[in-house]
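Reader: Before I rely on the labels attached to a model, I would like to see the reasoning behind each of them. Could you take me through it?

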Number of protein chains: 2
Amino acid sequence: MNDTRQHQLGDLQFAIMRVLWERREATASEVHAALLAERGLAPTTIATMLKKMEAKGVVDHRTEGRRFIYRPLVQEREVRRSMVRDLVSRLFQGDATALVNHLVTEKELDREEWLRLKAMLQEGEDQGNE
Amino acid sequence: MNDTRQHQLGDLQFAIMRVLWERREATASEVHAALLAERGLAPTTIATMLKKMEAKGVVDHRTEGRRFIYRPLVQEREVRRSMVRDLVSRLFQGDATALVNHLVTEKELDREEWLRLKAMLQEGEDQGNE
DNA sequence: AAATTTCGACTACCCGGGTCGTACTACCTG
DNA sequence: CAGGTAGTACGACCCGGGTAGTCGAAATTT
């Protein structure tokens, strides 16, 4: 039911979801308009993708007059969780700290980000125990 | 040339690479044997995959007698880097700290991992300057 | 030498993400 | 009312990851 596979989204699919998450619902052409700048896709491409995504169960639509109003069925949190989890399990055998370690040693974080990270950790000091 | 697309590996491909990285080279059947436990794949599947991967440029082979000895052409570091980078750019608009933040707030780290992470950060205190 | 195993080559699929072109239909507008 | 417009439906492809069967040649075994 709450299949985690539904949370694995391709690039375009994720971009479409971002639009849907931002606004809380949108028509195909609104999505198309929103993505036109970064990708130059045909309107039908978006429509087709939305249809496939609906079949997959990640979005839903309601008909209003002539047009379909799409609405996300999965939460951004869930998708991120599952995609990150997937990557961690593939690349780091499920060890999330190994990922952080990777970010640090591979200098994916610059000095400034590094500091922010430390601050964040300090802040969340009292979490995890209950 | 050093196409970053070559560093995007599928699940099986990554598993195969892990074997190749561990040993420094291996035949198709050695890889197959190594992966037989976790995945129950036919030997031909591995062979086909290796061929595809060679076409893609991530592995290489040398003939010894009549068997192919495969050797990785891309480094594990590079692949991890590029795959993590890709995910971060898709899911977090390139903000790596947002990923760490995600790990923390979504409780992807348990108490024990959390401590290790803090220790690691303390340890790496003097990095980031070059 | 004959039979059997081994291993690569080739081929064929399936599936899902992605990209559209075309067709059809309801609608609006001159 | 006719013609353009908007918006969905349908179907066609491409591509790459993944899975594997079959075939033929070479090596090994009996």
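Author: What follows is a set of questions about how particular descriptions of this structure are justified. The model is a predicted one, and the values below are computed from it.

Reader: How do you know that strands S1 and S2 of chain A are paired?

Author: Pairing requires at least two bridges between the strands. Strand S1 (residues 59-64) and strand S2 (residues 67-72) of chain A are joined by 6 bridges in the antiparallel sense, so the requirement of at least two is met. Among the bridge partners, A:His61 goes with A:Tyr70 in S2(A), and A:Glu64 goes with A:Arg67.

Reader: What lies between S1(A) and S2(A)?

Author: The two strands form a hairpin with 2 residues between them, and A:Gly65 in the turn has a positive phi of about 60 degrees.

Reader: How many bridges join S1 of chain B to S2(B)?

Author: Strand S1 (residues 59-64) of chain B and S2(B) run antiparallel and are joined by 6 bridges; because at least two are needed, these strands also count as paired. B:Arg62 stands opposite B:Ile69 in S2(B). The hairpin of S1(B) and S2(B) has 2 residues between the strands, and there B:Gly65 takes a positive phi near 70 degrees.

Reader: What makes a two-fold axis the right description of the relation between chain B and chain A?

Author: Chain B is superposed on chain A by a rotation of 180 degrees with 0.0 Å of shift along its axis, and the RMSD is 0.3 Å. That is the relation of a two-fold axis. The contact residues agree with this picture, in that 100% of those of chain B recur in chain A, and the same surface serves both copies.

Reader: Which residue of chain B comes closest to the rotation axis?

Author: Of the residues of chain B, B:Val100 comes closest, its C-alpha being 3.4 Å from the axis.

Reader: Which residues are closest to DNA strand C, and what part of that strand comes within 4 Å of the protein?

Author: DNA strand C is surrounded by 17 residues, and the closest are A:Asp11, A:Gln13, A:Thr48, A:Lys52 and A:Lys56. Of the atoms of DNA strand C that come within 4 Å of the protein, sugar and phosphate account for 67%. H3(A) gives the most to the surface near this strand, with 6 residues, while helix H1 (11-22) of chain A and strand S2 (67-72) of chain B each supply at least two. By kind, the residues of this surface divide into 5 nonpolar, 5 polar and 7 charged.

Reader: What makes the approach of A:Thr48 to DNA strand C a polar contact?

Author: A polar contact is a pair of N or O atoms within 3.5 Å. An N or O atom in the side chain of A:Thr48 is 2.2 Å from a base nitrogen of DNA strand C, and therefore the pair falls within the cut-off. Phosphate oxygens of DNA strand C take part in other pairs: one is 2.9 Å from a backbone N or O atom of A:Leu12, and one is 3.2 Å from a polar backbone atom of A:Ala42.

Reader: Why do B:Thr45 and B:Lys56 count as making polar contacts with DNA strand D?

Author: The side chain of B:Thr45 has an N or O atom 3.3 Å from a phosphate oxygen of DNA strand D, and the side chain of B:Lys56 has one 2.9 Å from a phosphate oxygen of that strand. The cut-off is 3.5 Å, so both pairs qualify. From chain A, a polar backbone atom of A:Phe68 is 3.2 Å from a phosphate oxygen of DNA strand D.

Reader: Which element gives the most to the surface near DNA strand D?

Author: H3(B) gives the most, with 6 residues. Helix H3 (43-56) of chain A and helix H1 (11-22) of chain B each supply at least two. In total 18 residues surround DNA strand D, and they divide into 5 nonpolar, 7 polar and 6 charged.

Definitions and conventions. Residues are numbered from 1 along each chain as its sequence is written. Chains are lettered from A and ligands numbered from 1 in the order in which they are written. This is a predicted model: local features need pLDDT of at least 70, side-chain atom pairs count only at pLDDT 80 or more; totals for chains, interfaces and linings use all residues. Side-chain values use heavy atoms; hydrogens and water are left out. Helices (H or I, at least four residues) and strands (E, at least two) are DSSP runs, numbered from the N terminus. A residue is near a molecule or strand if one of its heavy atoms lies within 4 Å of it. A polar contact is a pair of N or O atoms within 3.5 Å; within protein, one must be able to donate a hydrogen and the other to accept it, and residues adjacent in sequence count only if both atoms are side-chain atoms. Ala, Val, Leu, Ile, Met, Phe, Trp, Tyr, Cys and Pro count as nonpolar, Asp, Glu, Lys and Arg as charged, and the others, Gly among them, as polar. Copies are superposed by least squares on the C-alpha atoms of residues with pLDDT of at least 70 in both. Contact means heavy atoms within 4.5 Å.
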